[in-house]
Amino acid sequence: MLEEIQKLGASLVALSPELPTTAAVTAEKNDLTFHVLSDEGNRVARQFGLVFDLPEDLKVFYKSLGIDLPASNGDESWQLPLPATYLISRDGTIRDVFVNTDYVKRMEPADILTGLRKLSAV
């Protein structure tokens, strides 16, 4: 899919609340071939209204899995952004958005490509 995105003149970029070094390790560990940028302190996510506090039971669950969110993110907030997909035109206008509180639900790749085709035709 990444090749198709690039053929349409677009770029795929991920934002992560992880510290830059942690985000780089995550990208390498997962063999990601697109840019993963660090959004320290969830500054960008906060501007889009995407940040939420993990409830206490999730903090306990994360800890039981060995996930040290404060260490990864470089703060003690236990905050994460909702996963979101934005299609942004060359002039910086947001043309399509997909946000869902269920982190396993994401914008369908076919919908992303359809949206990008529409943008490239403009």
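The following legends describe close-up views of a predicted model.

**View A. Salt bridge between Glu4 and Arg117.** The side chains of Glu4 and Arg117 form a salt bridge, with a nitrogen-to-oxygen distance of 3.9 Å. Glu4 belongs to helix 1 (residues 2-7) and Arg117 to helix 6 (residues 109-121), and the pair thereby links distant parts of the chain, 113 residues apart. Glu4 is classed as partly exposed, at 37% relative accessibility. Arg117 is likewise partly exposed, at 41%. The structure holds 3 salt bridges, and the other views of such pairs are B and C.

**View B. Salt bridge between Lys59 and Glu56 within helix 4.** The closest N and O atoms of Lys59 and Glu56 are 3.6 Å apart in this salt bridge. Both residues lie in helix 4 (residues 56-64), where a spacing of 3 residues corresponds to about one turn of the helix. Lys59 has a relative accessible area of 19%. Because buried residues are those under 20%, Lys59 is counted as buried.

**View C. Salt bridge between Asp91 and Arg95.** Asp91 pairs with Arg95 in a salt bridge whose closest N and O atoms are 3.8 Å apart. The two partners fall into separate accessibility classes: Asp91 is exposed, at 57% relative accessibility, whereas Arg95 is partly exposed, with a relative accessible area of 48%. The cut-off for the exposed class is over 50%, so Asp91 at 57% meets it, while Arg95 at 48% does not.

**View D. Nonpolar patch on the surface.** The patch is formed by Val13, Leu15, Leu37, Val44, Phe48, Ile88, Ile94, Val97 and Val99. Together these residues have about 700 Å² of accessible area. At least two residues of the patch come from strand 1 (13-16), and at least two from strand 6 (94-99). Strand 6 makes the greatest contribution, with 3 residues. Val13 is located in strand 1 and is partly exposed, with a relative accessible area of 42%. Phe48, also a member of the patch, is partly exposed at 39% relative accessibility and appears again in View E.

**View E. Aromatic pair of Phe48 and Tyr86.** A pair of aromatic rings is described by the distance of the centres and the angle of the planes. The count of aromatic pairs in the model comes to 1. This pair consists of Phe48 and Tyr86 in a tilted arrangement, 4.9 Å from centre to centre and with 55° between the planes. Phe48 lies in the loop between helix 3 (43-47) and strand 3 (51-53), and Tyr86 lies in strand 5 (residues 84-88), so the pair ties together parts that are 38 residues apart in sequence. Phe48 has a relative accessibility of 39% and is partly exposed. Tyr86 is also partly exposed, at 24% relative accessibility.

**View F. Surroundings of Met1.** Met1 is placed in the segment before helix 1. With a relative accessible area of 40%, Met1 is partly exposed. When neighbours within four places in sequence are left aside, Met1 is in contact with Pro109, Ile112 and Leu113. The C-alpha atoms of Met1 and Ile112 are separated by 9.7 Å, although the two residues are 111 residues apart along the chain.

Definitions and conventions: Residues are numbered from 1 along each chain as its sequence is written. This is a predicted model: local features need pLDDT of at least 70, side-chain atom pairs count only at pLDDT 80 or more; totals for chains, interfaces and linings use all residues. Side-chain values use heavy atoms; hydrogens and water are left out. A salt bridge is a side-chain nitrogen of Lys or Arg within 4 Å of a carboxyl oxygen of Asp or Glu. Helices (H or I, at least four residues) and strands (E, at least two) are DSSP runs, numbered from the N terminus. Buried means under 20% relative accessible area, exposed over 50%, partly exposed in between (1.4 Å probe, protein chains only). Patches are made of residues with over 30% relative accessible area and no salt bridge: like charges are joined within 9 Å, nonpolar side chains (Val, Leu, Ile, Met, Phe, Trp, Tyr) within 5 Å. Accessible areas come from the Shrake-Rupley method with a 1.4 Å probe; for residues, only the protein chains shown count as cover. Rings of Phe, Tyr and Trp (its six-membered ring) pair if their centres lie within 6.5 Å; planes under 30 degrees apart count as stacked, over 60 as edge-to-face and the rest as tilted. Contact means heavy atoms within 4.5 Å.
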